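Here are a few short exercises to work through at your own pace. Keep the viewer open and try each task before reading its solution.

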Amino acid sequence: MSVHSDAGFDRPVTTAVFRARKAAHQRIVMITAYDTASARLVDEAGVDAVLVGDSLGMTVLGFDSTLPVTLEDMVRHTAAVVRGTRRALVIADMPFMSFQISPEDALRNAGRLMAEGGAGAVKLEGGASVAATVERITGAGIPVMGHVGLTPQSVHQLGGYKVQAKEAVSAAALLEDCRALQEAGAFAVVLECVPAELAGLASAELDIPTIGIGAGAGCDGEVQVYHDLLGLGGDFTPRHAKRYAQLGEAVVSAVSAYADDVRAGSFPAEAQSTHMAPRALEELQAMRAKKVRPATA
Ligand code: KIV
């Protein structure tokens, strides 16, 4: 058996593959997607996991934060992503207020993302303060990914989207949060916008894989937002992202060419048209000449 098949490169990705990858020092690749078309593309590209992030609120729904995203939104978009995915593990984000009220409520909502959305796991934000919730959900057989550091659902408490845990005390607290999530049964944890040194320490200390975004190169895997990597998010690119393509520019230029063609009358052309048989056309013209109207059913 090759190293690749050992660590699950040739079969559907499960949380067991995450563990195997960490043990084999093979990095885990994760990206967001929000619909069937983008899920199909990223799955074909061979990513290990697709996160249906609540970043959906900004990237797709046009809000300026993740707070307005509802559980219904997440169920709908998760199901769309699952329909486009064959191999990658689909992880559904638990949106604002879907897990904060009580562990029972969180379990019910996680269950909907799995049963109705078809997700293979859920992700929720927070550290030690959500450990009981993580334990309740994982205890029911639902894999949970944690998320610490910059947790966008707490943007108002954090005072903006900024790097977290830069000082010794907050860094130590973040390591405690990671340990609490691991003990509660989380299978992996996202470290968002934290110093690289801290992410390296967390990755070395934890048995579960760390998935970084804005956390340096020392994590066990990386997650990025589809729109940021592909230039679909307008002019702004977050510091932690890199543009691998300028699809936004390509789309504007393609749609402008389409608009020019329609206005100039050069599209649709013969290649995009269908025709009536000459006999049917003659019959129609004869009917019109006699003012015959078709019989209605
Ligand atoms: O919602 C999201 O896209 C996320 C990632 C940035 C980790 O939570």
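**Exercise 1: A valine and its patch**

Val255 sits in helix α12, which spans residues 247–264. Keep in mind that this model is predicted.

Task: Decide whether Val255 is buried, partly exposed or exposed, and find which surface patch includes Val255.

Solution: Start with the relative accessibility of Val255, which is 47%. Buried means under 20% and exposed means over 50%, so Val255 counts as partly exposed. Next, look at the surface: Val255 helps make a nonpolar patch of about 560 Å². The other members are Leu232, Leu247, Val251, Tyr258, Val262 and Phe267.

**Exercise 2: A phenylalanine in a loop**

Task: Locate Phe96, classify its exposure and list what Phe96 touches beyond four places away in sequence.

Solution: First, find the loop between β3 (89–93) and α6 (103–115); Phe96 is there. Second, its relative accessible area is 30%, so Phe96 is partly exposed. Third, the contacts of Phe96 are Leu67, Val69 and Gln153, leaving out residues up to four places away in sequence. Finally, try Leu124: it is 28 residues from Phe96 in sequence, and their C-alpha atoms are 9.1 Å apart.

**Exercise 3: The sides of a helix**

Task: Pick out the buried residues of helix α2 (residues 15–23) and work out how they are arranged around the axis.

Solution: The buried set is Thr15, Val17, Phe18, Arg21 and Lys22. They span an arc of only 150 degrees around the axis, so they lie on the same side of α2. To finish, step past the helix: His25 follows α2 and has a positive phi, near 55 degrees.

Conventions. Residues numbered from 1 in each chain as written. Predicted model: local features only at pLDDT ≥ 70, side-chain atom pairs only at ≥ 80, totals over all residues. Heavy atoms only, no water. Patch = residues over 30% accessible without salt bridge, like charges linked within 9 Å, V, L, I, M, F, W, Y side chains within 5 Å. Areas by Shrake-Rupley, 256 points an atom, 1.4 Å probe, with all protein chains shown as cover. Salt bridge = Lys/Arg side-chain N within 4 Å of Asp/Glu carboxyl O. Helix = DSSP H or I, 4+ residues; strand = E, 2+ residues; numbered from the N terminus. Buried < 20%, exposed > 50% of the residue type's maximum accessible area, 1.4 Å probe, protein only. Contact = heavy atoms within 4.5 Å. Arc of directions from axis to C-beta.
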